[in-house]
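I opened this structure today and kept notes as I went. Here they are, in the order I looked things up.

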Amino acid sequence: PLRADQADISLEYYLSRTASVYAAGFYRKVKGFIFTTVTPGVVIDGITYNLSQPTNGASGDIKGVEVGGQSFFDFLPGALSGFGVQANYTYINSETPSAVAGFITPLPNLSKHSFNVSGLYEKGGLSARVAYNYRSKFYQGLFTGDGNVGLVYRKGYGWLDASINYDITPNFTVSLEGSNLLRTAEATYYVNETRPGAVSVDDR
């Protein structure tokens, strides 16, 4: 099982009926975090494999802060008053002993930096969103072989999504959604970017 002791504190301020800002801090003591180890040269039925498997790590610490806010421009005239913006930024620092004795790593799948920026529209039954999300590189797992231990990272990447909805009646809505509109590729590497691993693309 994955367990955690957690503490959070936040401060919010409401600038108006449609605008607010906030700041939050958090701490997590994670016990048994699950990550992936890769062991090369494993022979099964005469065939050699790189064996990937989930492994429980020791206790780890996560600490970080998040700031953000949103506002609609309802001071603008007419249809323009439906426009708005939403944004946030998160910083996370983490570390834990890995499955390899004496080897300290970040907790897996946690980027140190991430942010989201969204353009919004809400007016007269029309609702629209354009959202860009970015996360910096993050540790994904360990690669062990020939007596060496290496960290597998996933490169930082940005992702653009959009949606539009229209209420034809109070009970009937039509919508159009798009995901990964920039067709962003995700890539891994071993230790440093000159040693590439896998590349994948979730299509539009």
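**Strand pairing.** I began with E6 and E8, which pair in the antiparallel sense over 9 bridges. I took strands (E, at least two residues) from DSSP runs numbered from the N terminus, as helices (H or I, at least four) would be. Two strands pair if DSSP finds at least two bridges between them. This is a predicted model, where local features need pLDDT of at least 70 and side-chain atom pairs count only at pLDDT 80 or more, while totals for chains, interfaces and linings use all residues. Residues are numbered from 1 along each chain as its sequence is written, and side-chain values use heavy atoms, with hydrogens and water left out.

I picked one rung to follow: Tyr91 has His113 in E8 as its bridge partner.

Next I stepped across to strand E9 (residues 126-135), which pairs antiparallel with E8 over 10 bridges. Val117 has Tyr132 of E9 as its bridge partner. What joins E8 and E9? I found a hairpin with 2 residues between the strands, and Gly124 in the turn has a positive phi of about 55°.

From E9 I went on to E12, and 10 bridges join these two antiparallel strands. Asn133 is matched with Trp159 in E12. E12 in turn pairs with E13, again in the antiparallel sense, over 7 bridges. The rung I noted there has Ile164 facing Leu176 of E13 as bridge partner. E12 and E13 also form a hairpin, with 2 residues between them.

**Ile92.** Back in strand E6, I looked up Ile92. Is Ile92 buried or exposed? At 15% relative accessibility, Ile92 counts as buried. My cut-offs are under 20% relative accessible area for buried, over 50% for exposed, and partly exposed in between (1.4 Å probe, protein chains only). Ile92 and Lys112 are 20 residues apart along the chain, yet their C-alpha atoms are separated by 4.7 Å. I listed the contacts too (heavy atoms within 4.5 Å). Leaving out residues up to four places away in sequence, Ile92 touches Phe26, Ile62, Lys63, Gly64, Leu110, Ser111 and Lys112.

**Ser136.** I found Ser136 in the loop between E9 and strand E10 (138-145). Ser136 is buried as well, with a relative accessible area of 12%. Beyond its neighbours within four places in sequence, Ser136 is in contact with Ser111, Lys112, His113 and Gly156.

**A nonpolar patch.** Which residues make the nonpolar surface patch? I wrote down Val67, Val85, Tyr89, Phe115 and Val117, with about 350 Å² between them. Patches take residues with over 30% relative accessible area and no salt bridge; like charges are joined within 9 Å and nonpolar side chains (Val, Leu, Ile, Met, Phe, Trp, Tyr) within 5 Å. The areas come from the Shrake-Rupley method with a 1.4 Å probe, and for residues only the protein chains shown count as cover. Strand E6 (83-97) and strand E8 (113-123) each supply at least two residues of the patch. Val67 sits in strand E5 (residues 60-72) and is partly exposed at 41%.

**Salt bridges.** How many salt bridges does the whole structure hold? My search found 7, each being a side-chain nitrogen of Lys or Arg within 4 Å of a carboxyl oxygen of Asp or Glu. One of them joins Arg129 and Glu122 at 2.9 Å, N to O. Arg129 is partly exposed at 32%, and Glu122 is partly exposed at 34%.

Another joins Glu193 and Lys155 at 3.9 Å. This pair links distant parts of the chain, 38 residues apart: Glu193 is in the loop between strands E14 (185-190) and E15 (196-201), and Lys155 is in the loop between E11 (148-154) and E12 (157-169). Lys155 is partly exposed, at 31%.

I also noted Arg183 with Asp203, whose closest N and O atoms are 2.8 Å apart. Arg183 lies in the loop between E13 (172-178) and E14 and Asp203 in the segment after E15, so the pair ties together parts 20 residues apart in sequence. Arg183 is partly exposed at 42%.

**Glu186.** My last entry is Glu186, in strand E14, which is buried at 13%. A polar contact of 3.4 Å joins the side chains of Glu186 and Arg154. Polar contacts are pairs of N or O atoms within 3.5 Å; within protein, one must be able to donate a hydrogen and the other to accept it, and residues adjacent in sequence count only if both atoms are side-chain atoms. Not counting residues up to four places away in sequence, Glu186 touches Arg154, Tyr157, Trp159, Ala198, Val199, Ser200 and Asp202.
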